[in-house]
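Work through these short exercises with the model open beside you. Try each task before reading its solution.

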Amino acid sequence: MRLQSAMPSSALAAPATPILPAEDGDPREQRGRRHPLSCVILTSLCAVLTGARCLAAIGQWAANAPP
């Protein structure tokens, strides 16, 4: 059986360096809409109360619901 020392190796003790340089913002294009959390929860609750049991069904219910 090989004994392990309690001293950390130099590779583990070195601070982590970032792989990519920091950028000012997210370069990806924003898509979709931002909805308030309360609206998302209320819509999901209404869908579940009417019989939706999975995320796909909740999404379909929300798409077909009147505005």
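**Exercise 1. Decide whether Cys 46 and Cys 54 are buried, partly exposed or exposed.**

Keep in mind that this is a predicted model.

Step 1. Take Cys 46, with a relative accessibility of 30%.
Step 2. Recall the cut-offs: buried is under 20%, exposed is over 50%, and partly exposed lies in between.
Step 3. Cys 46 therefore counts as partly exposed.
Step 4. Cys 54 has 41% relative accessibility, so this residue is partly exposed too.

**Exercise 2. Find how many disulfides the model has.**

Step 1. Recall the bond: a disulfide joins the sulfur atoms of two cysteines covalently.
Step 2. Apply the cut-off, a pair of cysteine sulfur atoms within 2.5 Å.
Step 3. The count is zero disulfides.

**Exercise 3. List the helices and strands, then check the span of helix H2.**

Step 1. The protein has three helices and zero strands. Read from the N terminus, the order is α-α-α.
Step 2. Helix H2 covers residues 37-49, which is 13 residues.
Step 3. From first C-alpha to last, H2 reaches 18 Å. That is close to the 18 Å expected at 1.5 Å a residue.
Step 4. Look just past the helix. Gly 51 follows H2 and has a positive phi, near 120°.

**Exercise 4. Compare two annotated stretches with the model.**

Step 1. An unreviewed UniProt entry annotates residues 37-63 as "transmembrane region". In the model this stretch is 81% helix and 0% strand. Its end C-alpha atoms are 17 Å apart.
Step 2. The unreviewed entry also gives "domain: H repeat-associated protein N-terminal" for residues 26-65. Here the chain is 57% helix and 0% strand, with end C-alpha atoms 33 Å apart.

**Exercise 5. Place Val 48 and classify its exposure.**

Step 1. Val 48 sits in helix H2.
Step 2. Its relative accessible area is 33%, so Val 48 is partly exposed.
Step 3. Now find Trp 61, 13 residues away from Val 48 along the chain. The two C-alpha atoms are 9.2 Å apart.

**Exercise 6. Describe the surface of the protein.**

Step 1. Start with burial. Of the 67 residues, 4% are buried.
Step 2. The protein exposes about 7000 Å². Carbon and sulfur atoms supply 61% of that area.
Step 3. Locate a nonpolar surface patch: Leu 37, Val 40 and Ile 41. Together they have about 290 Å² of accessible area. Ile 41 belongs to helix H2.
Step 4. Recall a general rule. An α-helix has 3.6 residues a turn, so residues three or four places apart point the same way.

Methods. Residues numbered from 1 in each chain as written. Predicted model: local features only at pLDDT ≥ 70, side-chain atom pairs only at ≥ 80, totals over all residues. Heavy atoms only, no water. UniProt positions renumbered as here; feature names shortened; annotations may be inferred. Helix = DSSP H or I, 4+ residues; strand = E, 2+ residues; numbered from the N terminus. Expected span 1.5 Å × (residues − 1). Buried < 20%, exposed > 50% of the residue type's maximum accessible area, 1.4 Å probe, protein only. Areas by Shrake-Rupley, 256 points an atom, 1.4 Å probe, with all protein chains shown as cover. Patch = residues over 30% accessible without salt bridge, like charges linked within 9 Å, V, L, I, M, F, W, Y side chains within 5 Å. Salt bridge = Lys/Arg side-chain N within 4 Å of Asp/Glu carboxyl O.
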